[in-house]
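User: I'm new to reading protein models and would like a close look at one part. Could you walk me through the salt bridges here?

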Amino acid sequence: MTPSSHEERSGALDTAEPVTLELGADSGRAPFEIELRFASSLPMVSVVGPVINQLSKLAGLDPSAAHEIELCAVEAVTNSIEHGCDLCAEHEVNVGFRTEADRLEIRIFDTAPPADLDISTRPSGQGGERDVVPDLGAFRGRGLFIMKQLMESVTFESSDEGPWHNKLTMERPLRSQTET
């Protein structure tokens, strides 16, 4: 999933086309994809969370796993809006949710200036950043840690080409932790 159709647009939200999600009764396990696009604004986080939660359940995850996916998406979108977009509504955020037969993927794109971040994920126990526990007494700074703990992979790409400069991708198997 890439926001290539959006790259041809002027970027103005007033040109956004409405999206209809049509899922049949048996589509809860069938692969599907949906994108949400909105101005960089913190109140939109309260919309993104429940949507991601419901999409996760439609994909076949149990409520606990759906909550974990929602938490990761909320953290990623909040980071994009606060840190990448500097709380500037002139930037846009695109949240993509895609399922395949056995995986789900969430991508967060934004139009903020490119960021230079290295958030590579290595499995726990291999000396990767995933093992570094943040200051739990601090008021902030645990979002990326949470994403790395709950998702199988977390990657970040940045480029000054095209309108979408920063992309965070999170992936996870489409099964609950209790099923493994």
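Analyst: Sure, let's start with what we're looking at. This is a predicted model, where local features need pLDDT of at least 70 and side-chain atom pairs count only at pLDDT 80 or more, while totals for chains, interfaces and linings use all residues. Residues are numbered from 1 along each chain as its sequence is written, and side-chain values use heavy atoms, with hydrogens and water left out.

Side chains of opposite charge can pair when their charged atoms come close. Here you'll find seven salt bridges (a side-chain nitrogen of Lys or Arg within 4 Å of a carboxyl oxygen of Asp or Glu).

Take Glu 68 and Arg 172 to begin with: their side chains form one of these, at 2.8 Å from N to O. Glu 68 sits in helix 3 (residues 63-84) and Arg 172 in strand 5 (residues 166-173), so this pair ties together parts 104 residues apart in sequence. Helices (H or I, at least four residues) and strands (E, at least two) are DSSP runs, numbered from the N terminus. Arg 172 counts as buried, at 1% relative accessibility; buried means under 20% relative accessible area, exposed over 50%, and partly exposed in between (1.4 Å probe, protein chains only).

Now hop over to Arg 98. It pairs with Glu 100, with the closest N and O atoms 3.6 Å apart, and also with Glu 105, where that gap is 3.0 Å. Glu 100 is partly exposed at 36% relative accessibility, whereas Glu 105 is buried at 6%. Through shared partners, salt bridges link Arg 98, Glu 100, Glu 105 and Arg 107 into one network.
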